[in-house]
Each structure stands twice: as C-alpha cells, then as structure tokens.
Amino acid sequence: MKKIVILISGRGSNMQAIVDAKIPGAEIAAVISNRPDAAGLAWAAERGIKTIALDHKQFASRDEFDAVLAKKIEGMQPDLIILAGYMRILTDVFVARFEGRMLNIHPSLLPSYPGLHTHQRAIDDGLKIAGCTVHFVTAQLDHGPIVAQAAVPVLDDDTEATLAARVLKQEHQIYPAAVRAFVNGELLLADGKVKRVLPLDGAACLRVPG
Ligand code: GRF
C-alpha cells in the first residue's frame, strides 16, 4: 500500500476526484488543510478519512508553520504528498524534505502562466488553448517536472468562470491518472524530466472535452 497525504485549502474537488478514483494500492492517510473551514475537510471527514486542520494564522512565520506541517506529515510516513488546491507558498526547506514525492496541479499549461489568475490572464492574452498541468513540486513556484497535461479550447465568449470550469473537468481526469501512475511506479524522474516507464493511459496528451 502506498500512503498518501493530501493538502488542501478550499473546496477540494481535485482531492475528491482522487479519493473517488479508489486507486488500487493507494491509501489516503490524511487530508490536511491550512484553513479550518475548508469545505473539502468536511467532505473527507464524512467519508471516514482522517482530517487535520492546521490554521496557518496561528503561526508567527511561514517557517514555523511549515516545520509543524512537515512534522505532522512525516509522522504518517507517506509515499506521496498531493497538493490539491493548496494555496500556500511552501518554504524551500519543506520542499527539499519531500522533493520527488510531492505532486501539484496547476490550472495552466506550464511553464506558461504560473501563479494566480491564470484563466483571466489566458483570456486577456487571447489564447485559443488553455489547460492544466500535474507536476512534481520543486522550490520554484509552479515549476518542476511535468507528469501530465490536458488542453481545452478557449471560446470567444469565455469568462474566467466558464474557462475555469472547462479546465477543472480535465484536472479531475489527469490528477487521478497521474497519482495512479505514481502509485504503480510508472514515473521515472531523469534529468529533471518525467519519463514514463509504462504509458499513462493516454492522459499525457491532448484531451478536449466531449
Ligand atoms: C484548481 O483549479 C487547482 O488547479 C488550483 O486551485 C483549484 C483548486 O480547486 N490550484 P479544488 O480545491 O481542487 O476544487
């Protein structure tokens, strides 16, 4: 069994997609939120998953918060840490501790559009294609070896909300697929890139919503 800890900050729909995928060989050790009122925490608790609320506002500094968070995570000895809408910048010390076993999802086709407000920026720039990326976490925000991507069209009448919804649908496909590949030992990190030992059931590609 591969033990997984999921970090969230809000509604946790990606966390839900991963839990609902019931990935063979994977066990969710805990869902942790830096916001005690995160809707995703209640969803996980209702399903009997261990939940931990660690309010970052109770800590004097980012370093202190990340040190306590890292200790809690390490206590569970997870094989994989999943950032699923976790909206806190991680300290370099934290990232170094878990590098190679921490994944994130970002709602753009990285390395384009790291950071916030990706959908509005994509619309403002007149993009015709947007998407999402699952990647290993490194010290640089929204960078790191890419595991899977999906692309969607940007439509003429898109708003930030409509584009975000189209992208989110794809996030819910590629994140569980990427986690499954990790759990199965199908991802190999070499020269800062992810090579697949086995094919990632077609998810590494262009997915256009049906
Ligand atoms: C997703 O779009 C994710 O890519 C981004 O924040 C959003 C979180 O959504 N990092 P959810 O909490 O998983 O529903």
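I will walk you through one sheet, the helix H1 that lies across it, and a few spots in the loops around them. Please keep in mind throughout that this is a predicted model.

Let me begin with the sheet. It is an open sheet formed by 7 strands, in the order E3-E2-E1-E4-E5-E6-E7, and the pairing within it is mixed. At the edges we find strand E3, residues 51-53, and strand E7, residues 146-153, each of which pairs on one side only. If you step from one strand to the next, the twist averages 20°.

To see one of these pairings in detail, look at strand E1, residues 2-8, and strand E2, residues 26-33, which run in the parallel sense and are joined over 7 bridges. You can find your way into this pair by looking for Lys2, which stands opposite Ala26 in E2. While you look along a strand, it helps to remember that in a regular strand the side chains alternate between the two faces of the sheet.

Now, what lies across these strands? Helix H1 lies across E1, E2, strand E4 (80-83) and strand E5 (102-106), and the helix runs at about 160° to E1. H1 is mostly covered, since 6 of its 8 residues are buried. Those buried residues are Ser13, Asn14, Met15, Ala17, Ile18 and Val19, and what they pack against is a mixture of strands and helices, namely E1, E2, H2, E4, E5 and H6.

Let me take the two helix neighbours in turn, starting with H2. H1 and H2 pack with their axes 9 Å apart and at an angle of about 20°. Angles under 35 degrees count as roughly parallel, and that makes H1 roughly parallel to H2. On the H1 side the residues involved are Met15, Gln16, Val19 and Asp20, and they meet Gly40, Trp43 and Ala44 in H2. Sorted by character, the residues of this contact divide into 4 nonpolar, 2 polar and 1 charged.

The second neighbour is helix H6, residues 160-183, whose axis comes within 9 Å of the axis of H1, residues 13-20, with the two crossing at roughly 45°. H1 and H6 are therefore oblique to each other, and H1 passes H6 in a right-handed crossing. Here H1 contributes Ser13, Asn14, Ala17 and Ile18, while H6 contributes Leu168, Glu171, His172, Tyr175, Pro176 and Val179. The residues of this contact divide into 6 nonpolar, 3 polar and 1 charged.

Just beyond the helix there is a detail of the backbone to point out, for H1 is followed by Lys22, whose phi is positive, near 40°. A positive phi also turns up in the hairpin of E8 and E9, where there are 2 residues between the strands and Asp191 takes a value near 55°. The two strands of that hairpin, E8 (residues 187-190) and E9 (residues 193-196), pair in the antiparallel sense over 4 bridges, and Leu187 stands opposite Arg196 in E9.

I will finish with a loop residue, Gly48, which is found between helix H2 (39-46) and E3. Is Gly48 buried or exposed? Its relative accessible area is 65%, and because exposed means over 50%, Gly48 counts as exposed. Gly48 and Ala30 are 18 residues apart in sequence, and in space they are 10.0 Å apart, C-alpha to C-alpha.

Terms used: Residues numbered from 1 in each chain as written. Predicted model: local features only at pLDDT ≥ 70, side-chain atom pairs only at ≥ 80, totals over all residues. Heavy atoms only, no water. Axes fitted to C-alpha atoms, helices over the stretch in contact; angles between N-to-C directions. Parallel < 35°, antiparallel > 145°, perpendicular 65-115°, else oblique. Left-handed = near helix turned anticlockwise from the far one by under 90°. Contact = heavy atoms within 4.5 Å. Nonpolar A, V, L, I, M, F, W, Y, C, P; charged D, E, K, R; others polar. Pairing = 2+ DSSP bridges. Buried < 20%, exposed > 50% of the residue type's maximum accessible area, 1.4 Å probe, protein only.
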